[in-house]
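User: I have the sequence and the model open side by side, and I would like a close look at a single part. Please take one strand and its surroundings, and then go on to the regions around it.

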Amino acid sequence: MATTPPYDVLIVGAGPAGAACALALAGSGLRVALVDKARFPRDKVCGDAIPGPTLKALARLKPAYAQELRNLTQAHRTDVRTSRLLSPAGVEVSVEWRAPAFNSPRLHFDEALLTLVRRHTSTTLLEGDAVKKVWQTDELVMAQLTDQTELRARLIIGCDGTHSVVGRSLLPQPLNRARHCAAVRAYYRGVTDAPETTSEFLFLRRYRAGYCWVFPVGGGVYNVGFGMLSADIARHKVDLKQELQQLLTTHPALASRFRAALPLGPVQGFGLPLGGSGRPLSGRRVLLCGDAAALIDPLQGHGIDKAVISGILAAEHARRCCEAQDFSRASLAQYDQAVHRRLGRDLARRYQLMRVLARAPWLVELAFAAGRWPRLRRWLVQAVG
Ligand SMILES: Cc1cc2nc3c(=O)[nH]c(=O)nc-3n(C[C@H](O)[C@H](O)[C@H](O)COP(=O)(O)OP(=O)(O)OC[C@H]3O[C@@H](n4cnc5c(N)ncnc54)[C@H](O)[C@@H]3O)c2cc1C
């Protein structure tokens, strides 16, 4: 007779995808474990811009979550009202935002999300131990941790980011550099002419599929970074860390403002798997969310909102499959369809748009020129923003 595994759902990775998934499973009656290799608070290399849909998705789950998250991040957050965009030819366009969005260092933001999980769910939280290996039998799925502990569950949800062990073990995909970005970032203090409520995006003549950013993150600190398509990095043999330093010392819109700026730590880099490829997100007893599922917006590089939304969708399908006791590939494929409807179609469109803009720099300049007229700017912001 088959033994019942100790967990119904094992979530690997307690970043935005995993935390949102655990929150969305609150009150389900399911036995949920959430395991992360890091102990929180932990840093994550990121631009720290928390897209508006993140809070919206959490508020739909429970209105109090969004407010509680705002309260928890109060000391380490800046509300962003304006985005300042600079075209490769130096045309500047400013966009005022009505919807609330904020920047918050991931060290604090992810800890705040996990605090919601600790407060509002009965999830078993296992920190500081990495999943090394994942495999499955007919009845269950197993994950082996670094300390040799074996966790057994009926369903595993891979929220373990870009280098997902769950994905590599159960749904392997080759790296496609045309659908992958790499980016670096560093924190600075003492940047001049940089309002604390304005995020800046600088598009470059030399590297088209990518941009440089200067995002205020509160307390006079700025997250400064540069990212581009991995295929272009390989083609042009770009050293992103060197390129960022070069930009900060030579770019006409940055050099004078960074002359007296102080770096607060090293320049660090990480990968961004872009969305819109239609790759499989599920298989027998497994679902993937967030970066593990490659759901980053190819135009802006935003992935936190997609991680939260896919984590919530995964929780809905986990409930359904556990109730029906059906963990077959066909049953879990309904999750792929839900993600495709909610995010995939838009991500595919945005990927195509990114490719077109990268090939036609004149179109980028035309969009910036059009962006000077308020009506056209509103239309462009809706299309791209
Ligand atoms: C330089 C850079 C800038 C970015 N800027 C932005 C931005 O400004 N705004 C935005 O919205 N998005 C941005 N992104 C994308 C964003 O960081 C990701 O989309 C987001 O973090 C995805 O969340 P996630 O929960 O899927 O994965 P993650 O946040 O990566 O979380 C994964 C978790 O899994 C854990 N883990 C990994 N492997 C294991 C294992 N084997 N066992 C146990 N635990 C494991 C990790 O410790 C981590 O806590 C940026 C990315 C980069 C690289």
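Analyst: This is a predicted model, and a good place to begin is a single pair of residues: Leu10 has Ile156 as its bridge partner in strand E11. That pair belongs to the pairing of strand E1, residues 7-12, with E11, where five bridges join the two strands and the direction is parallel. Strand E11 itself covers residues 150-158, and seven of its nine residues are buried, so that the strand is mostly covered.

E11 has further pairings. Strand E10, residues 141-145, is joined to E11 by four bridges, and these two strands run antiparallel; within this pairing, Ala143 has Leu151 as its bridge partner in E11. E10 and E11 form a hairpin with four residues between them, and in the turn Gln148 has a positive phi of about 75 degrees. Strand E19, residues 286-288, is joined to E11 by three bridges, and here the direction is parallel, with Leu287 in E19 as the bridge partner of Ile157. As a general point, strands of a sheet pair through backbone hydrogen bonds, in either a parallel or an antiparallel manner.

The residues of these pairings return when one turns to the nonpolar interior. The largest nonpolar core has 75 residues, and those that touch the most other members are Val9, Leu10, Ile11, Leu25, Ile156 and Ile157. Helix H9, residues 304-324, supplies the largest share of this core, with 11 residues. Leu25 can be followed in detail: setting aside residues up to four places away in sequence, Leu25 touches Val9, Ile11, Leu30, Val32, Ala315, Ala318 and Arg319. There is also a second, separate core, which has 26 residues and includes Leu204, Val214, Leu247 and Ala261.

Leu204 appears again in the surroundings of His251, a residue that lies in the loop between helix H7 (240-250) and helix H8 (255-258). His251 has a relative accessible area of 15%, and because the limit for a buried residue is under 20%, His251 counts as buried. Apart from its neighbours within four places in sequence, His251 is in contact with Leu86, Leu202, Leu204 and Gln246.

Another buried position is Leu113, which is found in helix H4, residues 106-120, and which has a relative accessibility of 0%. Leu113 and Gly15 are 98 residues apart along the chain, yet their C-alpha atoms are separated by 8.2 Å. When neighbours within four places in sequence are left aside, the contacts of Leu113 are Pro16, Ala19, Leu58 and Leu69.

A separate open sheet is made of three strands in the order E3-E7-E4, with antiparallel pairing. Strand E3 (49-50) and strand E4 (78-79) stand at the edges and have a single partner strand each, which means that one side of each is left without a neighbour in the sheet. E4 is joined by two bridges to strand E7, residues 102-103, and the two run antiparallel; Thr78 stands opposite Asn103 in E7.

Finally, helix H10, residues 329-359, departs from a straight course. A straight helix of 31 residues would span 45 Å at 1.5 Å a residue, whereas H10 spans only 39 Å between its end C-alpha atoms, and a bend of about 55 degrees is found in H10 at His340.

Terms used: Residues numbered from 1 in each chain as written. Predicted model: local features only at pLDDT ≥ 70, side-chain atom pairs only at ≥ 80, totals over all residues. Heavy atoms only, no water. Pairing = 2+ DSSP bridges. Buried < 20%, exposed > 50% of the residue type's maximum accessible area, 1.4 Å probe, protein only. Contact = heavy atoms within 4.5 Å. Expected span 1.5 Å × (residues − 1). Bend = angle between axes of the 7 residues up to and from the residue. Core = buried A, V, L, I, M, F, W, Y, C linked by side-chain atoms within 4.5 Å.
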